[in-house]
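User: Hello! I am new to this protein and would love a close look at one part of its surface.

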Amino acid sequence: MMMGFELSRGRAFNTGQWDGFRAEREELMRHILDRKIGNVVRLSGDIHTFFAGQVTTSGRSDGVPAAVEFIGGSISSLGIPEGFSS
C-alpha cells in the first residue's frame, strides 16, 4: 500500500509498506508531479482489505496528490478491522 496508513499521527501500521520508505515515496511522487505525468493509477493488494484513495507526497492528506490507488482484498481472509477485533 503506497497511501499512508497510520494508527495515530506518525505511527505507521506497517513499516514494511511505503510508510517505512517515506523519503522514497515522496521522491517518486515528486517525480510524477515534476514531469506532469497525469492519470497515474496504482493497483495493489495482499493486505486482505479493500482501499481506494489518493497517493500524496507525504502519504497523508496534507501532502500533494500525485496518483490514485486501488487495493484489492481477499474474499477468504479476515480484513484489517476484523483482525483487530479477533
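Could you start with Val-41: is this residue buried, partly exposed or exposed, and what is its relative accessible area?

Analyst: Happy to help! Please keep in mind that this is a predicted model. Val-41 is partly exposed, because its relative accessible area of 48% falls between the 20% limit for buried and the 50% limit for exposed. You will find Val-41 in strand S3.

Val-41 also has company at the surface. Together with Leu-43, Val-68 and Phe-70, Val-41 makes a nonpolar surface patch of about 380 Å². Two strands each give two or more residues to this patch: S3, which covers 41-45, and S5, which covers 65-72.

From Val-68 in the patch, we can step across to Gly-53, which touches Val-68 as well as Met-3, Ala-67 and Glu-69, leaving aside residues up to four places away in sequence. Gly-53 belongs to strand S4, residues 51-56, and is partly exposed at a relative accessible area of 22%. Arg-35 lies 18 residues from Gly-53 in sequence, and their C-alpha atoms are 21 Å apart in space.

Now let us turn to the loop between helix H1 (22-34) and S3, where Lys-36 is found. Lys-36 is not a glycine, yet its phi is positive, at about 55 degrees. Asn-39 is placed in the loop between H1 and S3 as well, and this non-glycine residue has a positive phi near 55 degrees. Lys-36 is exposed, with a relative accessible area of 74%, and Asn-39 is exposed too, with 80%.

Note on methods
Residues numbered from 1 in each chain as written. Predicted model: local features only at pLDDT ≥ 70, side-chain atom pairs only at ≥ 80, totals over all residues. Heavy atoms only, no water. Patch = residues over 30% accessible without salt bridge, like charges linked within 9 Å, V, L, I, M, F, W, Y side chains within 5 Å. Areas by Shrake-Rupley, 256 points an atom, 1.4 Å probe, with all protein chains shown as cover. Salt bridge = Lys/Arg side-chain N within 4 Å of Asp/Glu carboxyl O. Helix = DSSP H or I, 4+ residues; strand = E, 2+ residues; numbered from the N terminus. Buried < 20%, exposed > 50% of the residue type's maximum accessible area, 1.4 Å probe, protein only. Contact = heavy atoms within 4.5 Å.
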